[in-house]
Amino acid sequence: MSNLSYDQLMDRIVDGVSRKDVKQAEDALSVIEAKFESSVFLGALDKFSKLLKHASSGDERDALIKAALKSGD
């Protein structure tokens, strides 16, 4: 993974989060930290955290909808 460009690594992060493969996303983030300046890493970390937040909120929303439908609300 160390031979990938920044854009390719960010694609791995997005793909990993979307497939719930957080290990892949964390590995790509780790490579970004090692290869690029701290400001670039912080930007990638911010994007990663936003993706995780967005992905988890969808799961929680789906669970609430399923529970409401099951209870008849």
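This passage walks through a predicted model, from its nonpolar core and first helix to its aromatic pair and salt bridges.

A good place to begin is the interior. The largest nonpolar core is made up of 13 residues. Those with the most contacts inside this core are L9, I13, L29, I32 and F48. Three helices each give two or more residues to the core, namely α1 (6–18), α2 (22–35) and α3 (38–71). Of these, α2 provides the largest share, with 5 residues. A closer look at L29 shows how such a residue meets its surroundings: leaving out residues up to four places away in sequence, L29 touches I13, F41, A44, L45 and F48. Two of these partners, I13 and F48, are also listed with L29 among the residues with the most contacts inside the core.

A second set of contacts can be followed from L51, a residue of helix α3. When its neighbours within four places in sequence are set aside, L51 is in contact with I13, V14 and V17. The residue I13 thus appears again, here as a partner of L51 and earlier as a partner of L29. The chain also brings L51 and S18 to a C-alpha to C-alpha distance of 8.2 Å, although 33 residues separate them in sequence.

Helix α1 can be described in some detail. This helix has 13 residues, and the distance from its first C-alpha to its last is 18 Å, close to the 18 Å expected at 1.5 Å a residue. Its buried residues are L9, M10, I13, G16 and V17. These buried residues lie on the same side of α1, because they cover an arc of only 125° around the axis. On the face turned away from that buried side, α1 carries the exposed residues D7, D11 and S18. The helix therefore shows a buried side on one hand and a face with exposed residues on the other. After α1 comes K20, which is placed in the loop between α1 and α2. Phi of K20 is near 60°, a positive value in a residue other than glycine. K20 is exposed, and its relative accessible area is 53%.

Attention now turns to the aromatic rings. A pair of aromatic rings is described by the distance of the centres and the angle of the planes. The structure holds 1 aromatic pair, formed by Y6 and F36. The arrangement is edge-to-face, with 5.6 Å from centre to centre and 80° between the planes. Y6 belongs to helix α1 and F36 to the loop between α2 and α3, so the pair ties together parts that are 30 residues apart in sequence. Both partners have some access to the surface: Y6 is partly exposed at a relative accessible area of 27%, and F36 is likewise partly exposed, at 28%.

Charged side chains complete the picture. Side chains of opposite charge can pair when their charged atoms come close. A search of the whole structure finds 4 salt bridges. Among them is the one between R19 and D15, whose closest N and O atoms are 3.0 Å apart. R19 also forms a salt bridge with D21, and here the closest N and O atoms are 3.6 Å apart. D15, R19 and D21 are accordingly linked in a network of salt bridges. The members of this network are partly exposed: R19 has a relative accessible area of 48%, D15 has 31%, and D21 has 27%.

Another of the salt bridges joins K50 to D46, with 3.3 Å between the closest N and O atoms. These two residues both lie in helix α3, 4 residues apart, which is about one turn of the helix. K50 is exposed, with a relative accessible area of 52%, whereas D46 is partly exposed, with a value of 37%. Helix α3 thus takes part both in this salt bridge and in the nonpolar core described at the start.

How values were computed: Residues are numbered from 1 along each chain as its sequence is written. This is a predicted model: local features need pLDDT of at least 70, side-chain atom pairs count only at pLDDT 80 or more; totals for chains, interfaces and linings use all residues. Side-chain values use heavy atoms; hydrogens and water are left out. A nonpolar core is a set of buried Ala, Val, Leu, Ile, Met, Phe, Trp, Tyr and Cys residues joined through side-chain atoms within 4.5 Å. Buried means under 20% relative accessible area, exposed over 50%, partly exposed in between (1.4 Å probe, protein chains only). Contact means heavy atoms within 4.5 Å. The expected span of a helix is 1.5 Å times one less than its number of residues. The arc is that of the directions from the helix axis to the C-beta atoms. Rings of Phe, Tyr and Trp (its six-membered ring) pair if their centres lie within 6.5 Å; planes under 30 degrees apart count as stacked, over 60 as edge-to-face and the rest as tilted. A salt bridge is a side-chain nitrogen of Lys or Arg within 4 Å of a carboxyl oxygen of Asp or Glu.
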